[in-house]
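This briefing is meant for someone meeting the structure for the first time. Please look over the sequence and the model, and then read the points below alongside them.

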Amino acid sequence: MILKIFITIICFFGGAFLGFFIYSFVIAYLIEQNLPNKEIAVGLLETTKMIFLIGSLRMGELEEYIAPTITIISFATLFSIFPIWLLKSKNPA
């Protein structure tokens with residue numbers, strides 16, 4: 001039981017991180033794709049840092065926090081259901 005709770009919490013935080021990354025990627029790609037200087041994000045590490053930075057900044061300047069909150073919570077909930085579903089007790093009838 002404790003293992004199931006621990007794995008569920010780990011998957012919840014992993015899903016929340018994935019939701020934040022997807023939200024940041026969509027915002028960075030769709031809204032901020034026309035950067036004034038294309039050489040700002042060169043290379044994989046710099047591009048990833050830019051995605052997180054742009055996503056965080058756009059999250060902070062939104063009038064409403066509904067879209068990022070719903071995205072992050074939905075991914076976190078979806079990922080936390082997997083271990084509960086996979087580790088549920090299988091009692092033969």
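## Aromatic residues and their surroundings

F12 has a relative accessible area of 34% and is therefore partly exposed, in a model that is predicted. The residue belongs to helix 1, and the points that follow begin with the ring it pairs with before moving on to the rest of the protein.

**Aromatic pairs**

- The count of aromatic pairs in this model comes to 2, and one of them joins F12 and F13 in an edge-to-face arrangement, with 5.9 Å from centre to centre and 80 degrees between the planes.
- F13 has a relative accessibility of 56% and so counts as exposed, while its partner F12, at 34%, is partly exposed.
- F79 and F82 form a pair whose ring centres are 6.0 Å apart and whose planes stand at 80 degrees, an angle over the 60 degrees required, and the pair is therefore edge-to-face.
- F79 and F82 are 3 residues apart in helix 3, which means that about one helical turn separates them.
- Both members of this second pair are partly exposed, since F79 has a relative accessible area of 27% and F82 has one of 40%.

**Contacts of F12, T8 and F52**

- Leaving aside residues up to four places away in sequence, F12 touches A76, T77 and S80.
- The C-alpha atom of F12 is separated by 8.0 Å from that of L78, although the two residues are 66 residues apart along the chain.
- T8 is also part of helix 1, and with a relative accessible area of 15%, which is under the 20% limit, T8 is buried.
- With residues up to four places away in sequence again left out, T8 touches S80, P83 and I84.
- F52 lies in helix 2 and, at 22% relative accessibility, counts as partly exposed.
- F52 touches F17, F20 and F21, not counting residues up to four places away in sequence, and its C-alpha atom is separated by 9.4 Å from that of Y23, which is 29 residues away along the chain.

**Overall build**

- The protein contains 3 helices and 0 strands, and reading along the sequence gives the pattern α-α-α.
- Of the 93 residues in the protein, 20% are buried.
- Among contacts with a separation of 6 or more, 81% are between residues that lie 24 or more positions apart.
- The protein has an accessible surface of about 7,000 Å², and carbon and sulfur atoms account for 74% of that surface.

**The largest nonpolar core**

- Which residues make up the largest nonpolar core? The core has 11 residues, namely A16, F20, Y23, I27, A28, M50, I51, I54, M59, I72 and A76.
- Two or more residues of this core are given by each of helix 1 (2-31), helix 2 (44-61) and helix 3 (66-86), and the largest share, 5 residues, comes from helix 1.
- As general background, nonpolar side chains in soluble globular proteins tend to be buried together.

**Helix 3 and its two sides**

- Helix 3 has 21 residues and, at 1.5 Å a residue, should span 30 Å, which agrees with the 30 Å that lies between its end C-alpha atoms.
- The buried residues in helix 3 are P68, I72, A76, S80 and P83, and because they cover an arc of only 75 degrees around the axis, they are placed on the same side of the helix.
- An α-helix has 3.6 residues a turn, so residues three or four places apart point the same way.
- Where are the exposed residues I70, W85 and L86 found on helix 3? They are carried by the face of the helix that is turned away from its buried side.
- Several of the buried residues in helix 3 reappear in the contacts described above: A76 and S80 are touched by F12, while S80 and P83 are touched by T8.
- I72 and A76, which are among the buried residues in helix 3, are also members of the largest nonpolar core.

Key. Residues are numbered from 1 along each chain as its sequence is written. This is a predicted model: local features need pLDDT of at least 70, side-chain atom pairs count only at pLDDT 80 or more; totals for chains, interfaces and linings use all residues. Side-chain values use heavy atoms; hydrogens and water are left out. A nonpolar core is a set of buried Ala, Val, Leu, Ile, Met, Phe, Trp, Tyr and Cys residues joined through side-chain atoms within 4.5 Å. Buried means under 20% relative accessible area, exposed over 50%, partly exposed in between (1.4 Å probe, protein chains only). Helices (H or I, at least four residues) and strands (E, at least two) are DSSP runs, numbered from the N terminus. Contact means heavy atoms within 4.5 Å. Accessible areas come from the Shrake-Rupley method with a 1.4 Å probe; for residues, only the protein chains shown count as cover. The expected span of a helix is 1.5 Å times one less than its number of residues. The arc is that of the directions from the helix axis to the C-beta atoms. Rings of Phe, Tyr and Trp (its six-membered ring) pair if their centres lie within 6.5 Å; planes under 30 degrees apart count as stacked, over 60 as edge-to-face and the rest as tilted.
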